[in-house]
Structures are given as structure tokens and as C-alpha cells.
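Please open the model in your viewer and keep the sequence panel beside it. The tour below moves from one selection to the next and says what is to be found at each stop.

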Amino acid sequence: MNRTVISLSLGAWAGVAALLVPTAIAAALTIRLPQETATLRTSNLPGYAVAVQKCTICHSADYVQYQPPGMSLDQWTAEMGKMQHAYGAPIGDVDVKLIGAYLAVAYGSAHATDAGVIAASASAETDSADARAAAPASGPMALLTSSGCLACHALDKKLVGPAYHDVAQRYRGDPQALAKIEATIRQGSSGKWGSIPMPPFATLNKTDATLLAAFILKQ
């Protein structure tokens, strides 16, 4: 008699456990990330704005702190080259020079007055100007690609950030939509689409940012 009662009790507990386990597993798979608080060290060097715009697309600013201290200009520039070629970071040859010079000063052993840093920043700015002058007129998709936007966004599906189609749907009918999206592109945002912040694209001029905003609203 007692054995029967115990057996039924165990069976009942097994049934309860079977109901609870999926719930526990589902709850365990729900992860809420904290808001990003780390920031790159500020600098007047031109590579700072590029680093804020493009480096934080893929990882936290804390990642820079994990690199060996005292790295030289050549070492930081080589590190940026590795990010570009080995990891597919959305940065060009000009960005490699600019970011390398900035990081070498902000986190390494270089100084802003070093001839190598000055030369790297100056030559990179010259190369960038020459490239813009030689390049044909580009449309929104080319601008999205060169700015690194497509590393986090797609037209019709969510990646790191929302699909552009979803952004257009949210702002449908809002008379201030163009100005709001243009401001978000240039200034960044946090909390609008989840816990992952969007870095500011301060190097984009207002004309290009408005062009991208208009393109997004058409999706």
C-alpha cells in the first residue's frame, strides 16, 4: 500500500517536473544585456571619430583595453590591418592609418606630436580626399557599405540592429521622420530598438546622413 502511494507520488512529481523544465529552460535562454557604458578615450586626432563610428560596430570599447599596454604606432596600425583583412572589419586603408594613429596615442606609447603620428594622420586625410575626388557619384547602397552600416543592418531582416523596413514602418506618417533618422545616424542612439546602442556616425556630413535617412524611409 505504502509503495503504491510512493510510486504515484513520484509519478506526479515527474509530471510536474516535466511541465516546469521547459519553462525553466525558456527562462534561462532569455538574456538581457546591460546598457553599454564603456567609451573610447577622447582625442582631437581625426582617427578618434572614425574609431567611434566603426570600431564600436563590432565590439565594446573595452576590447581596446585588453590589448598589451604600450603598443607603438606600427603595432597599432598592424592591429588595425589585421582587423580589416583577417576579421573583415568595415574599415578601409585610410581608416587603418587614422585609427592606428589615434589608438597609438590614446592607448599606446606614441604622442600626438610624434612625426609618425602626424604623418599618418596627414597622409590618411590626403588619401581620403583623393579617393573622394576620384570616385564616381555613389548612391545610398554604396554609402551604406562604405560607412559600415550594413555590418549591423539589412534591408528586410534584423541583424544586430533593426531592418530598415522595420524602421520605415515605425516612422510611417511621422512628419519629423527624416530629421529624426538623420539625427540618429549622426548622433547615435540607445534604447530605441533594444539594449544594444547604435554608435554615432559623426564623420558623415549632414547631406549624406539625410540621403541615407530618405533611403531608409523608402524601404
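What follows is a walk through a predicted model, beginning with the whole chain and ending with its cysteines.

**The whole chain**

Show the protein as a cartoon and colour it by secondary structure: there are ten helices and zero strands, so that the order along the sequence reads α-α-α-α-α-α-α-α-α-α. If you then colour by relative accessible area, 32% of the 219 residues count as buried. Among contacts between residues at least 6 apart in sequence, 59% join residues at least 24 apart.

**Helix 4**

Select residues 73–85, which make up helix 4. With 13 residues at 1.5 Å a residue, this helix should span 18 Å, and the distance of 18 Å between its end C-alpha atoms agrees with that expectation. Which residues of helix 4 are buried? They are Leu 73, Trp 76, Glu 79, Met 80, Gly 81, Met 83 and Gln 84.

Stay on this helix and centre the view on Met 80, which has a relative accessible area of 6% and is therefore buried, the cut-off being under 20%. Leaving aside neighbours within four places in sequence, Met 80 is in contact with Ile 91, Val 96, Ile 99, Gly 100 and Leu 103. For one of these partners, Val 96, a distance label drawn from C-alpha to C-alpha will read 5.3 Å, although Met 80 and Val 96 are 16 residues apart in sequence.

Move next to Trp 76, which, not counting residues up to four places away in sequence, touches Val 64, Gln 67, Met 71, Gly 100, Leu 103, Ala 104, Tyr 107 and Gly 108.

**The nonpolar cores**

Widen the selection to the largest nonpolar core, which has 28 residues, and in which Leu 40, Trp 76, Met 80, Ile 99, Tyr 102, Leu 103 and Tyr 107 are those with the most contacts inside it. The elements that give two or more residues to this core are helix 2 (46–58), helix 4, helix 5 (93–106) and helix 6 (115–134), and helix 5 gives the most, with nine residues. A second, separate core has 18 residues, among them Leu 144, Ala 177, Ile 185 and Ala 213.

**Aromatic rings**

Display the aromatic side chains, where the count comes to three aromatic pairs. One of them joins Tyr 63 and Tyr 66 in an edge-to-face arrangement, at 6.4 Å centre to centre and with 75 degrees between the planes. Tyr 63 is partly exposed, with a relative accessible area of 33%, whereas Tyr 66, at 63%, is exposed. The pair of Tyr 102 and Tyr 107 is also edge-to-face, at 6.4 Å centre to centre and with 90 degrees between the planes, and here both residues are buried. Add Tyr 48 to that selection, and you have one aromatic cluster formed by Tyr 48, Tyr 102 and Tyr 107.

Then turn to Trp 193, where Arg 170 lies over the face of the ring, at 3.6 Å from the ring centre.

**The cysteines**

Finally, select Cys 149 and Cys 152. Why is there no bond between the sulfur of Cys 149 and the closest cysteine sulfur? That closest sulfur belongs to Cys 152 and is 8.8 Å away, which is too far for a bond, since a disulfide needs the two sulfur atoms within 2.5 Å. Cys 149 counts as buried at 8% relative accessibility, and Cys 152 is buried at 13%. The structure as a whole holds zero disulfides.

Methods. Residues numbered from 1 in each chain as written. Predicted model: local features only at pLDDT ≥ 70, side-chain atom pairs only at ≥ 80, totals over all residues. Heavy atoms only, no water. Helix = DSSP H or I, 4+ residues; strand = E, 2+ residues; numbered from the N terminus. Expected span 1.5 Å × (residues − 1). Buried < 20%, exposed > 50% of the residue type's maximum accessible area, 1.4 Å probe, protein only. Core = buried A, V, L, I, M, F, W, Y, C linked by side-chain atoms within 4.5 Å. Contact = heavy atoms within 4.5 Å. Phe/Tyr/Trp six-rings, centres within 6.5 Å; stacked < 30°, edge-to-face > 60°. Lys NZ or Arg CZ within 6 Å of the ring centre and 35° of its normal.
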